[in-house]
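Here is a short tour for anyone who likes to see surfaces and pockets described with their cut-offs. Please have a look at the model first.

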Amino acid sequence: MTLEKKGARCIDRLGRVVIPSGVRKDLGLESGTYVEFFVDYQQNCVIIKKYNDACALCGSNSGLVEMDGKYLCKGCVDKISGLG
Ligand SMILES: [Zn+2]
């Protein structure tokens, strides 16, 4: 794995950090995209990776909500909610 430095940001008091806009654009990390965290404690390193799972119904990977280990997008959750 080749790591490339893409900027530095300060973590705020709630533990949040802004991913640089260029990185978000390059990787398609839009608002609502799920990411997962990998930690290498020996290297004191955190890697944020675009979550590759998708909505079990429509295949969207935006705005996913976990339900019993599966993911559904908000649009499908709203459709299902409307059925009851
Ligand atoms: Zn969906």
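## Pocket and patch

The lining of the largest pocket divides into 16 nonpolar, four polar and four charged residues; Ala, Val, Leu, Ile, Met, Phe, Trp, Tyr, Cys and Pro count as nonpolar, Asp, Glu, Lys and Arg as charged, and the others, Gly among them, as polar. This is a predicted model, where local features need pLDDT of at least 70, side-chain atom pairs count only at pLDDT 80 or more, and totals for chains, interfaces and linings use all residues. Residues are numbered from 1 along each chain as its sequence is written, and side-chain values use heavy atoms, with hydrogens and water left out.

The largest pocket holds about 970 Å³ of space. Of its 24 lining residues, E4, K6, V46, I47 and I48 lie nearest the centre. Strand 2 gives the most to this lining, four residues, and helix 1 (21–27) also supplies at least two. Helices (H or I, at least four residues) and strands (E, at least two) are DSSP runs, numbered from the N terminus.

On the surface, F37, V39, Y41, V46 and I48 make a nonpolar patch of about 560 Å². Strand 1 (35–40) and strand 2 (45–50) are the elements that give two or more residues to this patch.

Two residues can be set side by side; exposed means over 50% relative accessible area, buried under 20%, and partly exposed in between (1.4 Å probe, protein chains only).

| Residue | Location | Relative accessible area |
|---|---|---|
| V39 | strand 1 | 43%, partly exposed |
| N44 | loop between strand 1 and strand 2 | 75%, exposed |

N44 has a phi near 55°, a positive value in a residue other than glycine.

Methods: Patches are made of residues with over 30% relative accessible area and no salt bridge: like charges are joined within 9 Å, nonpolar side chains (Val, Leu, Ile, Met, Phe, Trp, Tyr) within 5 Å. Accessible areas come from the Shrake-Rupley method with a 1.4 Å probe; for residues, only the protein chains shown count as cover. A salt bridge is a side-chain nitrogen of Lys or Arg within 4 Å of a carboxyl oxygen of Asp or Glu. On a 1 Å grid over the protein atoms alone, a cavity is a set of points where a 1.4 Å probe fits but cannot get out, and a pocket is an open set with protein on both sides within 12 Å along at least five of seven lines; lining residues have an atom within 4 Å of a point. Grid points are joined across faces, edges and corners, and a volume is the space filled by probe spheres set on the points.
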